[in-house]
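Work through these exercises with the sequence and the 3D view side by side. Try each task before you read its solution.

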Amino acid sequence: MKILVSFSGGKDSQACLIQAFKQYGGGNLTAVFCDTGWEHPDTYKHVNDVCLQMGVRLITLKSKCHDLAGAAGHLGHRLRVLLLGRAV
């Protein structure tokens, strides 16, 4: 049986990871980190360090669109066009 635990690096997801480790062991356990590209550098280090110390496999999922500032700018442009009553 494979066990997946969503691990953000925060205290609650870390508690879940520890509980799963205690209950199922590290062999079948995988931590899944969803990287938005906006995390603090210490968060990346913490997530990796915890998984290394526990001997838990880590999978990092990354968004194909890390440029949220560019996306927000595009949405802002579309909103301005809509507010001016022009077709987008």
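**Exercise 1: Salt bridges**

Lys11 and Asp12 form a salt bridge, with 3.3 Å between the closest N and O atoms. The model is a predicted one.

Task: find how many salt bridges the rule gives, and describe their residues.

Solution.
- Step 1. Start with the pair just named. Lys11 and Asp12 are both exposed.
- Step 2. Go to helix H2. There the side chains of Asp49 and Lys45 meet in a salt bridge, at 2.7 Å from N to O.
- Step 3. Look at the spacing. Asp49 and Lys45 are four residues apart in helix H2, so about one helical turn separates them.
- Step 4. Check accessibility. Exposed requires over 50% relative accessible area. Lys45 has 51%, so Lys45 counts as exposed. Asp49 has 27% and is partly exposed.
- Step 5. Count. The total is two salt bridges.

**Exercise 2: The sheet**

Task: work out the strand order of the open sheet and say whether the pairing is parallel or antiparallel.

Solution.
- Step 1. Compare S1 with S2. They pair in the parallel sense over four bridges. Ile3 has Leu29 of S2 as its bridge partner. Leu4 stands opposite Thr30 in S2.
- Step 2. Compare S2 with S3. This parallel pairing runs over six bridges. One partner pair to find is Cys34 with Leu61 in S3.
- Step 3. Put the strands in order. The three-strand sheet reads S1-S2-S3, and its pairing is parallel.
- Step 4. Name the edges. S1 and strand S3 (57-62) are the edge strands, since each pairs on one side only.
- Step 5. Add the twist. On average, neighbouring strands are turned by 30° against each other, with direction ignored.

**Exercise 3: Helices and crossovers**

Task: state which strands each helix touches or lies across, and give the handedness of each crossover.

Solution.
- Step 1. Take H1. This helix packs on the sheet and touches S1 and S2. The direction of H1 makes about 165° with that of S1.
- Step 2. Follow the chain. S1, H1 and S2 make a β-α-β unit, and the unit is right-handed.
- Step 3. Carry on from S2. The chain passes through H2 to S3, in a right-handed β-α-β crossover.
- Step 4. Place H2. This helix lies across S2 and S3 and runs at about 175° to S2.

**Exercise 4: The core**

Task: say which elements give two or more residues to the largest nonpolar core, and whether S2 is largely enclosed or open.

Solution.
- Step 1. Find the best-connected members. The core has 13 residues, and Val5, Phe7, Leu17, Leu29, Ala31 and Val56 touch the most other members.
- Step 2. Sort by element. Strand S1 (3-6), helix H1 (11-24), strand S2 (29-35) and helix H2 (41-54) each give two or more residues. H2 gives the most, with four.
- Step 3. Zoom in on Leu17. Beyond its neighbours within four places in sequence, Leu17 is in contact with Val5, Phe7, Leu29, Ala31, Val50, Met54 and Val56.
- Step 4. Turn to S2. Buried means under 20% relative accessible area. Six of the seven residues of S2 are buried, so S2 is largely enclosed by the rest of the structure.

Technical notes
Residues are numbered from 1 along each chain as its sequence is written. This is a predicted model: local features need pLDDT of at least 70, side-chain atom pairs count only at pLDDT 80 or more; totals for chains, interfaces and linings use all residues. Side-chain values use heavy atoms; hydrogens and water are left out. A nonpolar core is a set of buried Ala, Val, Leu, Ile, Met, Phe, Trp, Tyr and Cys residues joined through side-chain atoms within 4.5 Å. Buried means under 20% relative accessible area, exposed over 50%, partly exposed in between (1.4 Å probe, protein chains only). Contact means heavy atoms within 4.5 Å. Two strands pair if DSSP finds at least two bridges between them. Axes are lines fitted to C-alpha atoms, for helices over the stretch in contact, and angles run from 0 to 180 degrees between N-to-C directions. A salt bridge is a side-chain nitrogen of Lys or Arg within 4 Å of a carboxyl oxygen of Asp or Glu. A crossover is right-handed if, with the strands pointing away from the viewer, the path from the first strand over the helix to the second runs clockwise.
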